[in-house]
Amino acid sequence: MLIVGNKTLEVAKDFSEEILNNIRKSLEEDFKEDFCIVSVGSFARKEASESSDLDYFILTEDGAFVSIEECQKINEIIQGGVEKSCGDTGTFEQCIKINELTTNLGGVKDTNQKLIRRILFLLEGCCLYGKDNFTNFRKQLLKEYIKETVSKHKLSQFLLNDIIRFYRTMATDFEYKISEEGKEANIRNIKLIFSRKLLYFSGLIVIAETIQENRAGKITRTLALLEKPPLERIEYIFGDKAVEVLALYDYFLEEISTADKRKDIELKDDKFRELKDKSQEFSKELLSMLKEHYGDDHPIHCALIF
């Protein structure tokens with residue numbers, strides 16, 4: 001594995017898996033219910049450090065019910081396993097029905113929060129509890145994205161469009177949080193141009209990889225690729241060609257691995273500029289991999305522009 005040799009990636013992967021496995025054991029001892037718990041964010045991507053929070057949400061069947069007491073117990077177990085509490089956006093730490101993810105896609109009730117939740121569920125979601133439900137819910141969502149009219153030799157265009165919309169929404173949301181909410185800019189910017197960009201790229205290549213499949217094959221292959229965390233997905237598809245991308249990402253993770261280092265990024269312009277310069281290299285490497293791995297005739301290139 002190419003992750004081996006990138007010290008920060010190795011440490012982050014081991015740390016993330018240890019915390020997640022401990023939480024899973026506690027949840028399995030306490031619950032026997034018909035729902036799943038989905039982790040997203042740095043722990044789900046296997047890139048967490050001690051300063052990372054653990055974002056999650058509870059996903060149920062349409063007719064199922066999770067009590068307030070059960071939700072509180074779940075929260076106690078999960079937050080008891082990490083040092084930092086969940087984010088304050090309202091996107092996570094909630095109990096939602098699967099039909100909230102599988103209906104009104106692109107409609108007037110499709111809020112930014114819903115878009116972000118369902119794309120994160122697909123691209124980086126990691127199961128903390130209820131693996132069968134987790135897989136089934138993902139499959140239900142993919143069936144909404146990959147319609148029966150999607151034939152062999154065609155991209156899963158609907159899903160691609162929403163992945164693009166998700167990424168651009170994250171970029172626009174950054175501007176809103178800085179301009180109108182007055183939140184710290186530098187660390188959010190660095191995360192946007194490294195981790196959010198890598199997540200976006202890891203979704204694009206799933207679409208590109210599944211073009212030769214019929215509808216059933218697209219769904220099956222997409223599910224299999226999404227089982228891998230984004231970094232491992234990229235490594236699996238590109239092999240040795242991903243060496244430089246993983247090295248640059250390793251550098252990024254090292255630079256945000258502690259509270260003190262994040263403070264330096266926020267307060268010291270030279271450190272911020274250094275990371276911004278590295279992000280330009282990162283973008284160029286991702287683009288180069290996309291162009292080289294998928295030839296000029298591959299529809300993914302045109303679909304990203306038109």
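Among the contacts in this protein between residues at least 6 apart in sequence, 75% join residues that are at least 24 apart, and I should say straight away that we are looking at a predicted model. The protein has 13 helices and 4 strands. Its radius of gyration is 19 Å, close to the 19 Å that the globule rule gives for 306 residues, so the protein is as compact as a globular protein of that length. If we take the principal axes, the C-alpha atoms fill a box of roughly 50 × 50 × 40 Å, and of the 306 residues, 52% count as buried.

Let me turn to two of the helices. Helix α12, which covers residues 269-293, has 25 residues, and at 1.5 Å a residue these should span 36 Å, which agrees with the 36 Å between its end C-alpha atoms. Which residues of α12 are buried? They are F272, L275, K276, S279, F282, L286, M289 and L290, and these buried residues pack against α7 (186-209), α9 (230-238), α10 (243-255), α11 (259-267) and α13 (299-303). Helix α5, residues 131-145, has 15 residues and reaches 21 Å from its first C-alpha to its last, close to the 21 Å expected at 1.5 Å a residue. The buried residues of α5 are N133, F134, F137, R138, L141, L142 and Y145.

Now for the aromatic rings. A pair of such rings is described by the distance of the centres and the angle of the planes. In this model the count comes to 14 aromatic pairs. One of them is formed by F57 and F121, whose ring centres are 6.3 Å apart and whose planes stand at 65 degrees, and because an angle over 60 counts as edge-to-face, that is how the pair is classed. F57 lies in strand β2 (residues 55-60) and F121 in helix α4 (residues 112-123), so this pair ties together parts that are 64 residues apart in sequence. Both F57 and F121 are buried, and R117 lies over the face of F57, at 5.8 Å from the ring centre. Elsewhere, ring pairs link F194, Y249, F252 and F282 into a cluster, and you may recall F282 from the list of buried residues of α12. There is also a lysine over a ring, since the charged end of K278 sits over the ring of Y251, 5.3 Å from its centre.

Next, the cysteines. How many disulfides does the model have? The count comes to 0 disulfides. C36 is in no disulfide, and the nearest cysteine sulfur, that of C127, is 5.8 Å away. C36 is nevertheless buried, with a relative accessible area of 0%. The sulfur of C71 has its closest cysteine sulfur in C95, at 4.7 Å, which is too far for a bond, because a disulfide needs the two sulfur atoms within 2.5 Å.

I will finish with a lysine. K46 lies in the loop between β1 (35-40) and β2. Is K46 buried or exposed? K46 is buried, because its relative accessible area is 16% and buried means under 20%. Leaving aside residues up to four places away in sequence, K46 touches A12, K13, S16, E17, L20, C126 and P229.

Key. Residues numbered from 1 in each chain as written. Predicted model: local features only at pLDDT ≥ 70, side-chain atom pairs only at ≥ 80, totals over all residues. Heavy atoms only, no water. Buried < 20%, exposed > 50% of the residue type's maximum accessible area, 1.4 Å probe, protein only. Phe/Tyr/Trp six-rings, centres within 6.5 Å; stacked < 30°, edge-to-face > 60°. Helix = DSSP H or I, 4+ residues; strand = E, 2+ residues; numbered from the N terminus. Lys NZ or Arg CZ within 6 Å of the ring centre and 35° of its normal. Expected span 1.5 Å × (residues − 1). Rg over C-alpha atoms; globule rule 2.2 N^0.38 Å. Contact = heavy atoms within 4.5 Å.
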